[in-house]
Amino acid sequence: MRVSLTRMLFRTLDDLRLFTHRVLEAPGMQTNKRFARYAWAVLAYNLLVILWGAFVRATGSGAGCGSHWPLCNGEVVPQAPEVETLIELAHRLTSGLAGVFVVILFIWAFRAFRKGHPVRRAATLSLIFIITEGLVGAGLVLFEWVADDASLGRVLSMAVHLVNTMLLLASLTLTVWWAGGGPDIDLRRRGEARWLVGIALLGMLALSSAGALTALGDTLFRPDTLAEGFRQDFSAAAHFLERLRIGHPLLAILFGVYLLFVTRHLASLRPSPAVKHFARIVLTLFVVQFLAGLLNVFLLAPVWMQLAHLLLADFLWISIVLLGASGLAVTAAEPVPEALHPQRSG
Ligand code: HEM
């Protein structure tokens with residue numbers, strides 16, 4: 001089961017890569033294949049860092065370096081570290097490296113693409129969101145919103161962290177998309193599609209934030225059996241994180257109905273091969289994710305299942321972003337601004 005899920009995810013990722021690189025080159029759009037490959041690798045690397053971050057939370061290792069940041073327990077290299085310290089330290093090092101990769105992405109984008117090219121915009125957003133990601137992570141440690149802490153500050157910071165992560169992934173995805181020749185978007189000429197896509201993106205952020213709170217609830221108040229979990233969900237004496245847990249699957253059902261509507265409507269409004277392709281991927285991933293969510297509950301959310309559920313959520317988000325980008329894209333018949341014409345193609 002685990003092997004075939006992983007294989008399916010990598011096939012989806014590869015499918016998206018081939019699609020963005022080979023099929024979607026908008027005529028007249030400046031591209032840079034080497035940059036696009038690099039941006040792709042940065043996106044994939046960030047997915048791994050995000051998974052490791054969830055592993056830190058799920059194993060309660062967030063306090064592995066004490067409340068010290070950027071030092072770990074007051075030292076650059078901790079002496080005789082415990083497992084939690086190693087897990088937390090690895091997250092700090094790998095996320096620091098992600099920051100370096102994004103800085104390189106940003107500088108390269110400005111050197112390789114002309115002023116006004118959307119790659120520059122997406123790379124700038126990637127830089128902003130990797131900086132805010134680091135600040136949120138540092139905040140968690142400095143305010144001690146880690147390990148067994150169940151304060152309101154921690155609850156809010158979990159949601160903020162997740163939304164920031166999703167925005168970082170969206171910016172990196174769009175960097176890949178535009179560097180590989182995906183057409184620019186035009187919000188002004190896409191009135192109805194703009195609303196459809198906007199609500200889908202906001203819906204996914206709301207659903208995922210609710211998921212992050214569910215994950216926190218499962219980490220802090222792990223039930224021993226399914227029956228105990230359900231009792232906690234409906235008990236007036238339970239912590240609000242436990243009572244909130246039921247909201248996440250209910251939101252998922254609502255969101256699924258909306259996705260069904262939006263994919264159909266967008267495909268008839270903007271019937272391009274790209275829109276149809278991503279609409280299919282979005283719906284398939286949603287169904288798989290929904291089943292994974294159910295399995296998560298029945299298995300009492302073991303760590304590996306939490307990671308699989310988060311990875312699926314990231315893939316679903318990336319697909320929704322690409323569905324949105326192709327649904328809002330300028331068409332071949334519309335004029336391409338001067339800044340987007342080929343210049344130094346790689
Ligand atoms: C289909 C759309 C869904 C999306 C996009 C989604 C997304 C998410 C996200 C982003 C998290 C937080 C992961 C983390 O921070 O580690 C999460 C957690 C969780 N979700 Fe979902 N979810 C979906 C459906 C469901 C359904 C239908 C169920 C159950 C019936 C479910 C059960 C859970 C549980 C138990 C957790 C906490 C454990 C964990 O972190 O995996 N989800 N979800």
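The shell around the ligand holds 14 nonpolar, 9 polar and 1 charged residues. The model is predicted. Of the 24 residues around the ligand, G211, A215, P249, G293 and Q306 come nearest. Four elements each give two or more residues to this shell. The table lists them with their residue ranges.

| Element | Residues |
|---|---|
| α6 | 191-220 |
| α9 | 247-269 |
| α10 | 273-298 |
| α11 | 303-327 |

One of these helices, α10, can be checked for length. α10 has 26 residues, and at 1.5 Å a residue these should span 38 Å. The C-alpha atoms at the ends of α10 are 38 Å apart, so the expected span and the model agree.

Many positions in α10 can be placed by burial. Buried residues of α10 include A274, V275, H277, F278, A279 and I281. V282, L285, F286, Q289 and N296 of α10 are buried as well. After α10 comes L300. The phi of L300 is positive, near 60°.

Now to another part of the chain. C72 sits in the loop that links α2 (33-58) to α3 (83-112). Is C72 buried or exposed? C72 is buried, because 21 other C-beta atoms lie within 10 Å, and 20 or more are enough for a residue to count as buried.

Which residues does C72 touch, leaving out those up to four places away in sequence? They are C65, P78, T85 and L89. C72 can also be paired with L86: the two are 14 residues apart in sequence. In space, C72 and L86 are 9.9 Å apart, C-alpha to C-alpha.

Notes
Residues are numbered from 1 along each chain as its sequence is written. This is a predicted model: local features need pLDDT of at least 70, side-chain atom pairs count only at pLDDT 80 or more; totals for chains, interfaces and linings use all residues. A residue is near a molecule or strand if its C-beta atom, placed from the backbone, lies within 6 Å of it. Ala, Val, Leu, Ile, Met, Phe, Trp, Tyr, Cys and Pro count as nonpolar, Asp, Glu, Lys and Arg as charged, and the others, Gly among them, as polar. A residue is buried if 20 or more other C-beta atoms lie within 10 Å of its own, exposed if 12 or fewer, and partly exposed in between; C-beta atoms are placed from the backbone. Two residues are in contact if their C-beta atoms, placed from the backbone, lie within 7 Å. The expected span of a helix is 1.5 Å times one less than its number of residues.
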